[in-house]
Amino acid sequence: TAISATEWLVAVGKAKQQKSISIAVPDPGAADADITAGYVLWSPPVNVTITATKHIPQAAWIAAAAANDGEVKITNAAVGTLATLSVVTALATGSKNDMGTITNAAVVAGTNVTLTLTASGTANAPASVLQLEYIETNE
């Protein structure tokens, strides 16, 4: 069926736009310190689809290496892991580290998005920012 130019402009105006949220994550402490599962990062007010995740350290990771690795995991509390970043080198201050493939990307409004951060041995994770890119999926 045909639509008017006005209807078309309204439909184009409703096109889904990429959005992002940046969330500060505290320094977990000394070497071998962790942030345990259940640390709530965000609870979106509408349904969203996560399209990318980035870990941005606010200081350098100290002593991160294959034998003293770390892991940053973001989880959709309702259905499972969203993204995981394995840290096997000392990530630089301010580096934007893509956390890779997104799984379980659909997050229902009001569902918690949580963080787990682990550091093994002498690895020492700094305070960081997690940037989540998403599209609102509510109509």
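**Close-up views of a predicted protein chain**

The accessible surface of the protein chain comes to about 7200 Å², and carbon and sulfur atoms hold 56% of it. One thing to keep in mind as you go through the views: this is a predicted model.

**View 1. The whole chain, with 1 helix and 9 strands.**
Start here to get your bearings. If you follow the sequence from its beginning, you meet the helix, and after that strand follows strand: the pattern reads α-β-β-β-β-β-β-β-β-β. The protein chain has 139 residues, and 36% of them count as buried. Now look at who touches whom. Take the contacts with a separation of 6 or more: 80% of them are between residues 24 or more positions apart. Several of the views below show pairs of that kind, such as W42 with Y134, whose parts are 92 residues apart in sequence.

**View 2. Strand β4 and its two partners, β5 and β8.**
Strand β4 covers residues 70-76, and it is mostly covered, with 5 of its 7 residues buried. One partner is strand β5, residues 80-87, which runs antiparallel to β4 and is joined to it by 7 bridges. Getting from β4 to β5 takes a hairpin of 3 residues. For a landmark on this side, find I74, which stands opposite A83 in β5. The other partner is strand β8, residues 113-119; here too the strands run antiparallel, and 7 bridges join them. The landmark on that side is K73, with T116 of β8 standing opposite. It helps to remember that in a regular strand the side chains alternate between the two faces of the sheet.

**View 3. N76, a buried residue in strand β4.**
Stay with β4 and zoom in on N76, which belongs to this strand. Its relative accessible area is 1%, so N76 counts as buried. What does the side chain of N76 reach at 3.3 Å? That would be the backbone oxygen of N104. A second backbone oxygen, the one of A106, lies 2.8 Å from a polar atom of the N76 side chain. Leaving aside neighbours within four places in sequence, the residues in contact with N76 are L82, N104, A106, V107, T111 and N112. So N104 and A106 turn up in this contact list as well, because contact means heavy atoms within 4.5 Å.

**View 4. W42 and Y134, a tilted aromatic pair.**
How many aromatic pairs does the count come to? There is 1. The ring centres of W42 and Y134 are 5.0 Å apart and the ring planes sit at 45°, so the pair is tilted. W42 comes from strand β2, residues 35-42, and Y134 from strand β9, residues 128-136, so the pair ties together parts 92 residues apart in sequence. Are these two residues buried or exposed? Both W42 and Y134 are buried.

**View 5. Salt bridges that reach strand β9, from K19 and from K54.**
The count of salt bridges comes to 2. In one of them, the side chains of K19 and E136 meet, with N to O at 3.0 Å. K19 sits in strand β1, residues 18-25, while E136 sits in β9, so this pair ties together parts that are 117 residues apart in sequence. K19 has a relative accessibility of 33% and counts as partly exposed. E136, at 31%, counts as partly exposed too. The other salt bridge joins E133 to K54, and their closest N and O atoms are 3.1 Å apart. This pair also links distant parts of the chain, with E133 in β9 and K54 in strand β3, residues 48-57, 79 residues apart. E133 counts as buried, at 18% relative accessibility. As for the chemistry, side chains of opposite charge can pair when their charged atoms come close.

**View 6. L91, a buried residue in a loop.**
Let's finish away from the strands. L91 is found in the loop between β5 and β6, the latter being residues 97-98. Is L91 buried or exposed? At 12% relative accessibility, L91 counts as buried. Beyond its neighbours within four places in sequence, L91 is in contact with H55, P57, A59, A60, W61, L85 and N97. To place L91 in the fold, use A63 as a reference: 28 residues separate the two along the chain, and their C-alpha atoms are 9.7 Å apart.

Technical notes: Residues numbered from 1 in each chain as written. Predicted model: local features only at pLDDT ≥ 70, side-chain atom pairs only at ≥ 80, totals over all residues. Heavy atoms only, no water. Helix = DSSP H or I, 4+ residues; strand = E, 2+ residues; numbered from the N terminus. Buried < 20%, exposed > 50% of the residue type's maximum accessible area, 1.4 Å probe, protein only. Areas by Shrake-Rupley, 256 points an atom, 1.4 Å probe, with all protein chains shown as cover. Pairing = 2+ DSSP bridges. Phe/Tyr/Trp six-rings, centres within 6.5 Å; stacked < 30°, edge-to-face > 60°. Polar contact = N/O pair within 3.5 Å; in protein donor to acceptor, adjacent residues only side chain to side chain. Salt bridge = Lys/Arg side-chain N within 4 Å of Asp/Glu carboxyl O.
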